[in-house]
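Biologist: I have a structure open and would love a close look at one part of it. Could you walk me through that part and then show me its wider setting?

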Amino acid sequence: MRNCLVIDLDRCSGCDTCVVACKHENNVDLGNYWNQVVAVGPSGTFPDIEQYWIPAQCQQCENPQCVHVCPTGASYRDSKTGVVLIDKSKCIGCQYCMMACPYGVRTYNETSHVVEKCTLCPQLTANDELPACVHNCCTGARFYGDIDDPTSDAAKAIAAASADSIHHLPDPGDSKPVTVYILSPKVAAWKELV
Amino acid sequence: MPETVQLTRRSFIKASALAGAAAAIGASMSGSLVETDAAYADSATETKKVHTSCHGCIQVCPAYAYIENGVVTKLEGDPDAPTSKGSLCMKGLNQLHTMYSPRRILHPLKRAGERGTNDWEVISWDEAISLAADQITSTIDKYGSYSFFASVGGGGSYSFMEAMTLPMALNSPTVFEPGCAQCYLPRYAMAKFVYGANDQSIADNAVIEPFNEYTNKTEMLVLWAAQPSVSQTAESGHGMADLRARGCKTVVVDPNFSPDAVKADVWLPVRPGTDTGLLLSWFRYIFENKLYDEKFTKYWTNLPFLIDPDTKLPVEAAELFPSYVSPTPENTPAYVCYDLRTNSVQPFPFSAPDSSPVDPDIFTTQTIDGKTYKSAGQIYKEQAEPWTLEHAEEVCWVPADRIEAAVKLYTDADVAGIANGVASDMTESASQVPLGCLGLDMVMGYVNKPGCTLTQRDLSSVPTVRPVAHYNGFDGMFSDIYGVGAVVGMSPAENEARIKAFPPDRQAQYNKLLVDRLGMKEHKGLYAWCHSHIPTVREAIATGEPFKPRVWFDMSGNKLAMLGNAKSWYEVFPEVDFIIGQYPMLTSFHIEAADLVFPLREWLEEPMVNMTQQNTTWLQNECTHIGETVSHSIPAGQVLDKCEEIWGKLPGLAPGYLGDHTEADVKQGVADSLKAASWDELMANTDKYVPLVVPPKDFYQYYQHEVVVSDGLPAGFGTESRKCEPYCTLLLKMARTGYPFCYPVAQEACDDYSPICEFIEPAESPVGDSEYPLVLTSGRVPYFHHGTMRHAAFARELYPAPDVRINPATAEELGIEHMEWVKVSSRRGDISGRAYLTEGVNPGVVWMERFWNPECFDESQTHKTAGWRECNVNILTKNDAPFNEVFGSYTNRGFTVKVEKGARPDNIWIEPKEFEPFLPTLRSEPTTKDVF
């Protein structure tokens, strides 16, 4: 089972609602973010330009660098769900994981002195509800589920997209990010960022 | 765990009296209210999930609120909503903070220091109502009823009808709103004049057909200066995402590379304020290449009519053919055309196209008895003639090949439509742009078809008799109440008979208020919403001519952030004797101007039914209620009751004020709208009543103009000719007599208004302006609606200060780097912003969001200001002539500026942690009962 988000960048309009929905749902402090939206572009020269947005949060890597460097075992990948999580009772706030994460999507909570990140809202999904960022997304761009289960929203979104529209964030360290971004070439050319 | 406390009104007043000392806002006013005699409710956690609707913007998306022991702890979109489908944007989500913001005011406040300071005394509602009523009655007794005026607008303000009618009750003509002529009125009114029905505005929920998923026909949509993905993110933004995913092509006309421009098939980055040039180039291309819908243009528009060169009005058949007997009723005139069957000028009676005795030539010039008549189509063609694609490129800064690609997408579709946005309302071309947008959809025949923007909904839109249009207020409500105003589509005799049925004294009183309204003689289009011309009101306050407004009741947010050339308003505040405000929090306007402020409910507290979403209507619930806040209509209602008590009788019109005086009436009104017997019944069985659904087969209606009605003719449209009038004859009559608003008594004439789209070079043009070489336009960002939410910490940490979007080439010339602070200056003032270097604007254009900074008067500041001078685009905007001729709109967009290196104002917050004083502090406030 590989639970993750699939995000359709053909739809995403960069409104930042997912950021705020997450912060309210998970009580994330000012200045901290479990997800952020990055504008890619406009690239080109006026008026021949294109742009898209990357909502970035934990990529639910199959080979997570954050887990490898954690000295206490606080960072782990749930073998059952495939979700990368932090056991806050074990976290000593050393922030090695933040340095190891290739995507910069972990954040240090200065109040509780632990590292935090996207959890995919288990408090909601356990009750068959959607993560807050998915539920409230203003363009219907976010899909949650197990990409190995063809009946999940996430798998269906991938199945509906053409092969040249399926992307992952760059993976120089062989982290195997599971999160999928859909971007059609007609909307914009995918840029290899990070 | 929060405690739930039920307070009665009496206990609150008692508590308020105890608390009564002067205090400053910024620190919460609520802390003093700890001891009450109320009974504590059971403190066990009780969680409820209730239906409500977000009121973070005007589209009002359906939502759910989770309530724990009276405290709203979570909001989310309602998945059953047909367009927003569970979305709720951050403007809605952040109400979780603003509802409990330390900036809330929970009790009436009376100024305790000088204007400009943030010192207030908490007073009781009884004292507040008496103070307002005393000021109003004594001023009117001394100076007359025209010394009173009202205003509204600025976001989070629902008091549109209340502001319009409060002055009527006091016999004053003066009311204004920073939107109105600068937002929506021009597009709303032009559609009524030209089409007799709803307009092309996408933000204002007039355009919903493209998001109709039952018939789902829209192949192509032009967003003319609208950015639904930003302004109405969860509803129209979601709708746009679904529409594009279904394969609908889009063209976006916008100087800024908005998210909708990003996703468009063709983006036309027009030079701000020159949209009419672009429109005329579309007309020229469509006429030249015969791309128009010939049958629709011939038989359903007035373009084939011959126009009298002296009157500029269409020639009626009887004028040229004295013995002609029209086959149609008196309410349906016969006109004259050049008939291609007989190759002669012939009467052109109204009929179904296939029954017409003529085949009218759309483009013709005819000389009759030595006089040259052109068809309206010919006049339009000649107006468009100079506007080749190349000329448009030169003037409007859009490459010719892009314009051509856009027009082809628009004309190649079987069904397309134009949806427009606010930008043109904020320019001198406020009437001309909608005239052009309507005219294009009409010559293309994109009218009343499935998939068009120009469609009308519900069974009520299907005519059984000749359609008419009512004027004076929404749907002519004031005409129906007071008997002033003609009904367009009735014959002269029918109008005369109708108007005679009204009591003449009330008619005379209403008519006097109409013609005495400030700025009306020149800008008669403002009659549509009964609003005054804002610069003329300011002038009257400053000079006392023709009368001096002295007591001001403002019904919403930050006027200093919303009014064009805000400093010019600040300068006249000392001329106003007493200023009353109402809002859920204090803004710059209240700090600088207000003497008394009534505390309003936030939207989580206020019961309402507002905008629909497709065929569904939803409840805005009373999810909780804290303090002594009241619904928006109540302060004015209570003040009027007190004035009546003092005077014995109100001096104005009856019924006058149209707003509820008590919460019970507010709630019953909501229950009535949702077809529940009572508020209690609605609360007990909400799922039974919410949403209120119109069956799709009844809701989605098309081809209404072809339906045969009682006179045996096809219904046509609610215009004088019963056809679409892209050559807008009503504008000519309006300029000359005030018709149809001023009827039966004519208003003084002004210069004629242009009946067709014409090009106007902006008064402040970047072409040849060496001192202010860049043209500035503005627009929304998804974080805020109008003046709202600048005190929402989760919005401000993401967008702490306005970006000044500027092309990298221009920035390089100016030595400005990305995210560097800059000074932006116009001929009216200067402000600060952060340069955002982007290829998404033309090198000659800068783009900026309006702004104001509530942190500037936070308790923690050593240098306190009212927060409206630092980053506020309305320091720069232009509120002097030339105005739009019809509506008096001034120039909020498309004026010239210069940009230089600048500095961060010292009391502006930028870092996320700086916004901590905006985090909620009132979650432990007891929940309270209705005050009135």
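Which residue in β27(B) does B:Val775 stand opposite?

Modeller: Happy to take you through it, with the reminder that this is a predicted model. The residue opposite B:Val775 is B:Val845 in β27(B). That pair belongs to a longer match: strand β27 (residues 845-848) of chain B runs parallel to β23(B), and four bridges join the two.

Now turn to the other pairing. Strand β28 (residues 895-901) of chain B pairs with β23(B) too, in the antiparallel sense and over three bridges. Here B:Leu774 has B:Val897 of β28(B) as its bridge partner. In short, β23(B) pairs in the parallel sense with β27(B) and in the antiparallel sense with β28(B).

Next, the side chains. In a regular strand they alternate between the two faces of the sheet. Along β23(B), B:Leu774, B:Leu776 and B:Ser778 point one way, while B:Val775 and B:Thr777 point the other way. The residues on both sides are buried. With a residue counted as buried when 20 or more other C-beta atoms lie within 10 Å of its own, five of the five residues of strand β23 (residues 774-778) of chain B pass, so the strand is largely enclosed by the rest of the structure.

For the wider setting, start with the domains. The assignment for chain B lists domain 1 (185-289 + 384-459), domain 2 (294-383) and domain 3 (774-918). Between domain 1 of chain B and domain 2 of chain B, the C-alpha centres are 29 Å apart. Their contact takes nine residues from domain 1 of chain B and seven residues from domain 2 of chain B. On the domain 1 side, α10 (275-288) and α16 (432-443) of chain B are the elements that give two or more residues. The largest share there, three residues, comes from α10(B). By class, that side of domain 1 of chain B has seven nonpolar, one polar and one charged residues.

Finally, the two chains touch as well, through 27 residues from chain A and 41 residues from chain B. On the chain A side, the elements giving two or more residues are α1 (17-26), β2 (35-45), β3 (48-57) and α5 (132-136) of chain A. Of these, α1(A) gives the most, with six residues. The chain A side that touches chain B divides into twelve nonpolar, twelve polar and three charged residues.

Methods
Residues are numbered from 1 along each chain as its sequence is written. Chains are lettered from A and ligands numbered from 1 in the order in which they are written. This is a predicted model: local features need pLDDT of at least 70, side-chain atom pairs count only at pLDDT 80 or more; totals for chains, interfaces and linings use all residues. A residue is buried if 20 or more other C-beta atoms lie within 10 Å of its own, exposed if 12 or fewer, and partly exposed in between; C-beta atoms are placed from the backbone. Two strands pair if DSSP finds at least two bridges between them. Ala, Val, Leu, Ile, Met, Phe, Trp, Tyr, Cys and Pro count as nonpolar, Asp, Glu, Lys and Arg as charged, and the others, Gly among them, as polar. Domain bounds come from an automatic or database domain assignment.
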